[in-house]
Amino acid sequence: MPVVVEPTWDEKLVRAWLREAADTLRRLPPARMRPRLTSWPEVVRDSAASLGPPPRAPRPAAPSPRAIDRMETVLAWLMACDGEARRIVWARACGVPWRRLEDIDGRSHVTLRKVEDRGIRAIHRHLRAHPGQAPRPGAP
């Protein structure tokens, strides 16, 4: 029987799981209150209102329950970082460009990269120190 060797956690894999969690969060439906139902019919105010709203871009497919579970696990990993690194790591996972982060934070991209690396290393250390809290590190 062949021996299956599972890949180990490394910083590249942590970044991939963070990106997947950000994508999963983006694909979740918005949390909105449903309007109350009434028995009154809608009134058409003008001809533009009768045409309906302009077409919108289709929403991305809803994430699977497994992806949502992984997202919740990954979001808990962010607590291994300090607050400064947590913001930068999550912004980069969401795809915020370095230039925009520079404008928001006021520091250079070199400094922000060091902060991100520090946060990723903290998550990586946490996963290695607490293997029971980390899922099997297969492909996200």
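1. Let's start where α4 meets α6 in this predicted model. On the α4 side, the contact uses E84, A85, I88, V89 and R92; on the α6 side, L112, V115, E116, R118, G119, I120 and I123 take part. By residue type, this contact between α4 and α6 divides into seven nonpolar, one polar and four charged. The two helices pack at an angle of about 95 degrees, and their axes lie 8 Å apart. Because an angle from 65 to 115 degrees counts as roughly perpendicular, α4 is roughly perpendicular to α6.

2. It is worth staying with α4 for a moment. Which residues of this helix, spanning 83-93, are buried? They are A85, I88, V89, W90, A91 and A93. Their cover includes α1 (11-27), α3 (65-77), α5 (98-105) and α6 (109-129). Among the buried residues, A85, I88 and V89 are also part of the contact with α6. An α-helix has 3.6 residues a turn, so residues three or four places apart point the same way. You may like to keep that in mind when looking down the helix.

3. Please also look at what flanks α4. C81 counts as buried because its relative accessibility is 4%, while C94 counts as partly exposed at 45%. A search of the whole structure finds zero disulfides. Just after α4, G95 adopts a positive phi of about 90 degrees.

4. Now to a second partner of α6. Helices α1 and α6 pack with their axes 10 Å apart and at an angle of about 100 degrees, and they are therefore roughly perpendicular to each other. From α1, the contact takes E11, V14, R15 and L18; from α6, it takes E116, D117, I120, R121, I123, H124 and L127. The residues here divide into five nonpolar, one polar and five charged. E116, I120 and I123 of α6 appear in this contact and in the one with α4.

5. The nonpolar core ties these pieces together nicely. The largest one has 26 residues, and the members that touch the most others are W9, V14, L18, W77, L101 and I123. Two or more residues of this core come from each of α1, α3, α4, α5 and α6. V14, L18 and I123 also belong to the contact of α1 with α6. In soluble globular proteins, nonpolar side chains tend to be buried together.

6. A charged residue deserves a look as well. R27, found in helix α1, counts as buried because its relative accessibility is 19%, and the cut-off for buried is under 20%. Leaving aside neighbours within four places in sequence, R27 is in contact with R59, P60, A61, A62 and P63.

7. One of those partners, A62, sits in the loop between α2 (47-51) and α3. Is A62 buried or exposed? At 58% relative accessibility, A62 counts as exposed. The C-alpha atoms of A62 and L25 are separated by 9.7 Å, with their positions 37 residues apart along the chain.

8. Finally, the overall picture. The protein chain has six helices and zero strands, so the order from the N terminus is α-α-α-α-α-α. Of its 140 residues, 28% count as buried. Among contacts between residues at least 6 apart in sequence, 80% join residues at least 24 apart.

How values were computed:
Residues are numbered from 1 along each chain as its sequence is written. This is a predicted model: local features need pLDDT of at least 70, side-chain atom pairs count only at pLDDT 80 or more; totals for chains, interfaces and linings use all residues. Side-chain values use heavy atoms; hydrogens and water are left out. A disulfide is a pair of cysteine sulfur atoms within 2.5 Å. Buried means under 20% relative accessible area, exposed over 50%, partly exposed in between (1.4 Å probe, protein chains only). Helices (H or I, at least four residues) and strands (E, at least two) are DSSP runs, numbered from the N terminus. Contact means heavy atoms within 4.5 Å. Axes are lines fitted to C-alpha atoms, for helices over the stretch in contact, and angles run from 0 to 180 degrees between N-to-C directions. Angles under 35 degrees count as roughly parallel, over 145 as roughly antiparallel, 65 to 115 as roughly perpendicular and the rest as oblique. Ala, Val, Leu, Ile, Met, Phe, Trp, Tyr, Cys and Pro count as nonpolar, Asp, Glu, Lys and Arg as charged, and the others, Gly among them, as polar. A nonpolar core is a set of buried Ala, Val, Leu, Ile, Met, Phe, Trp, Tyr and Cys residues joined through side-chain atoms within 4.5 Å.
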